[in-house]
Amino acid sequence: ASVCGQALGIVDLNPNVDPQQIQDEAADKAQRLRDLAGQAAEQDLKQNLTALADGYVELEQQRADRIGDFNQWLQQNLNNLDNLRKACT
């Protein structure tokens, strides 16, 4: 439960996020999610945390001004966040 709480605190996605701010924080969030994945005992939880971390790495490598790409990234990672929530219940 502690890993879930920490992960949900790291991933603060909503439709009104600032793309540049999210991109600026992407590397840190990716590393923190990978660290939590290493602590998780359940395979589903590990996979969801890793998927979210990979999403942040992908965003970090994109240009923030490509809003279409950001919107696609955001939708994909909102889905990953939903999967994480389900794995945490």
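Q: Which residues are exposed on the other side of helix 1, away from its buried ones?
A: This is a predicted model, where local features need pLDDT of at least 70 and side-chain atom pairs pLDDT 80 or more, while totals for chains, interfaces and linings use all residues. Residues are numbered from 1 along each chain as its sequence is written, and side-chain values use heavy atoms, without hydrogens and water. Exposed means over 50% relative accessible area, buried under 20%, and partly exposed in between (1.4 Å probe, protein chains only). On that side, the exposed residues are Ser2 and Gly9.

Q: How many degrees around the axis do the buried residues of helix 1 cover?
A: Helix 1 spans residues 2–10, and its buried residues are Val3, Cys4, Ala7 and Ile10. They lie on the same side of helix 1, because their arc, taken from the directions from the helix axis to the C-beta atoms, is only 125 degrees.

Q: Why can residues three or four places apart point the same way?
A: Count the residues in each turn of an α-helix. They point the same way because the number per turn is 3.6.

Q: In what order do the elements of the protein chain run?
A: Helices (H or I, at least four residues) and strands (E, at least two) are DSSP runs, numbered from the N terminus. The protein chain has four helices and zero strands. From the N terminus on, the order is α-α-α-α.

Q: What share of the 89 residues is buried?
A: The cut-off is again under 20% relative accessible area. In the protein chain, the buried share is 38%.
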